[in-house]
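Good morning, everyone, and thank you for making time for this. I would like to walk you through the charged side chains of one structure, so please have a look at it before I go on.

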Amino acid sequence: NNCAPYLGRIVPAVLRAMEMAPPGQADFYVENLGRLVCMSRQLIRPFLEKMFDLFDPDAHASDRLQSSLVGLIEVLAEALSGDLGSHISTVLPFLVSVIDRDTTESRQVTDRALHALRILSPSLEGYLFLVMPRLISLLDLATTPINVAESTLACVSSIVSAVNCNSFASRTILKLVQLLQCSPTQQLQTAVIDVLCTLMEQLQDEFTLFMPMISSTMKKRGIVDHAKYERYSRLLFSGRLIPKDMVRVPPLLSGDTTKAETGLSMVNTDGMTKQYVNATVLRRAWTVSQSMSKGEWAGWLSKFSNELVRQSPSAALRACSGLASKHPKLCKELFNAAFVSCWTELPGQYQQEIVSSLQEVASKPDVPPDVLQTILGLAGYMERDEKQIQIDLKLLGDYAERCHALAKELHYKEAEWTLEKNYETIEKLIELNQNLDLPDSAVGMLNYVCKEQPDIRESVEWYRRLQRWDDALSIYRRQEAEEGPSYSNTNGQLRCMFEMSDWDSLLPLYERIWSGNDHQLQMASANIGMSMAWALGDIENMEFYMSKLPSSSKDKSFCVALLSV
């Protein structure tokens with residue numbers, strides 16, 4: 001506000017000086033004009049018309065002047081909160097012309113123009129036809145350096161997050177898949193898949209049309225396990241993938257990206273100075289000794305939890321460190337939040353070390369259930385916070401099974417099913433749904449498998465677990481017709497008929513069994529025969545079958561007592 005009375009004299013003077021400046025000095029005035037815009041912000045509006053006249057797409061300027069003009073666009077967009085109004089139609093052709101004219105080897109001016117487009121992303125609704133075709137053409141490594149391709153990917157990601165790009169979705173995805181096929185570095189591959197994840201957020205169900213092609217390309221390039229893409233796919237299929245807001249991109253007045261980013265990372269959004277994580281001290285806390293007894297695991301977890309709170313970059317969590325060290329329950333409550341706050345600050349190497357350490361702990365046969373529950377709770381907390389911990393879903397399901405956390409085991413088995421549809425997973429899902437008293441879910445799972453996965457062999461055990469005896473009996477009879485009678489098949493039919501109280505079918509089958517010479521089958525069927533006779537009130541046959549049971553049988557002792565009464 002203090003500079004407002006002087007803007008009317010300063011801004012026109014700077015613009016006149018720029019017009020009269022000799023070649024090679026105009027960029028100096030443009031940069032200082034940008035600093036003036038940063039200070040005055042909304043107060044610069046009365047001078048916008050003259051300032052936007054500087055962005056002439058047909059004018060020939062040096063690379064340095066073009067870079068300064070792009071920087072001016074960035075600070076104008078920042079000062080006006082992205083509201084450039086009708087001036088956006090002046091700015092975009094200028095930026096596109098900057099990209100088109102840049103034939104230098106480093107393409108620094110193109111890189112700067114792409115950064116400006118990221119800042120302008122929220123204002124590009126209705127102007128995508130000017131920008132997207134040019135960006136898509138920059139994703140061709142035959143004509144574009146790798147660093148520019150990476151900047152283009154970041155630009156496309158920002159635009160997709162900010163505005164509706166459905167009309168360019170197919171062209172963009174096809175180009176990204178082509179780039180993924182020929183990308184020479186892992187860093188570029190990761191950047192491409194990150195953009196595909198952003199498109200998945202925005203397109204939702206429409207993205208599934210492209211997923212087979214993307215999966216095939218990833219498999220060809222040897223990208224078997226990309227955690228972010230797999231997590232987003234699971235969320236998409238479960239209907240829980242929510243588009244994120246666009247990340248704010250700061251302007252670069254000086255053109256020094258590193259310097260600008262460093263300045264931002266020193267301060268939190270609430271204005272508090274950010275604390276730094278001492279990774280060396282934290283590593284000593286998470287390191288696991290090779291010879292730890294069962295009683296020492298709780299001490300290891302307590303030490304690790306306390307160190308996480310002490311090293312947390314959050315000032316609020318660090319303030320609780322003294323109290324948490326004296327109150328284990330508080331430390332346990334803060335574990336997840338402290339872990340995530342430290343996790344986001346650690347380099348990839350240290351993140352992998354923590355994951356390896358947690359997996360090593362969980363693999364010990366004598367580790368207490370409390371430690372496994374803590375690891376599972378952390379995985380669930382990070383999943384809800386969309387920061388997937390790099391522990392295999394199958395391992396997490398095994399941890400849940402070991403500590404009898406049935407609901408968590410069901411969650412991870414369902415996630416495992418979306419990635420790997422096999423016989424064992426189906427059987428486990430049916431069993432877990434039954435144990436959790438969710439028979440409708442178990443039946444629904446079985447019906448889905450029969451309909452959508454006809455190549456998976458149908459198992460009679462599935463139906464027996466669900467007590468669907470009529471379906472189980474149908475399978476037994478089909479197997480008998482194909483393979484002939486057998487001990488296990490006949491015994492299974494007996495059980496199904498008994499559970500359905502199908503006496504008319506069961507009595508002839510018993511007559512055939514006891515008139516034959518299969519002593520093993522007779523002994524196995526005696527128990528069911530005794531129960532059938534009791535249900536029919538046939539005391540004579542009940543005594544006959546009871547006499548065939550071994551004396552150690554509990555059922556025989558019970559029936560003897562019952563008849564005695």
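Let me begin with a term: a residue is called buried when its relative accessible area is under 20%, exposed when that area is over 50%, and partly exposed in between. Please also keep in mind that what you see is a predicted model.

With that in hand, take Asp56, which sits in the loop between helix H3 (48-52) and helix H4 (63-79). Because its relative accessibility is 35%, Asp56 counts as partly exposed. Together with Glu49, Asp53 and Asp58, Asp56 forms a negative surface patch.

Now to the pairs of opposite charge: how many salt bridges does the structure hold? There are six, and I will go through some of them.

One of them joins Arg64 to Asp27, with the closest N and O atoms 3.0 Å apart. This pair links distant parts of the chain, since Arg64 belongs to helix H4 and Asp27 to helix H2 (residues 26-40), 37 residues apart. Arg64 is exposed at 58% relative accessibility, whereas Asp27, at 5%, is buried.

Another salt bridge is formed by Asp100 and Arg134, whose closest N and O atoms lie 2.2 Å apart. Asp100 is in helix H5 (residues 88-101) and Arg134 in helix H7 (residues 128-137), so this pair ties together parts that are 34 residues apart in sequence. Asp100 is partly exposed at 41% relative accessibility, and Arg134 is partly exposed at 22%.

Notes. Residues numbered from 1 in each chain as written. Predicted model: local features only at pLDDT ≥ 70, side-chain atom pairs only at ≥ 80, totals over all residues. Heavy atoms only, no water. Patch = residues over 30% accessible without salt bridge, like charges linked within 9 Å, V, L, I, M, F, W, Y side chains within 5 Å. Areas by Shrake-Rupley, 256 points an atom, 1.4 Å probe, with all protein chains shown as cover. Salt bridge = Lys/Arg side-chain N within 4 Å of Asp/Glu carboxyl O. Lys, Arg positive; Asp, Glu negative; His and termini not counted. Charge placed at Lys NZ, Arg CZ, Asp CG, Glu CD. Helix = DSSP H or I, 4+ residues; strand = E, 2+ residues; numbered from the N terminus. Buried < 20%, exposed > 50% of the residue type's maximum accessible area, 1.4 Å probe, protein only.
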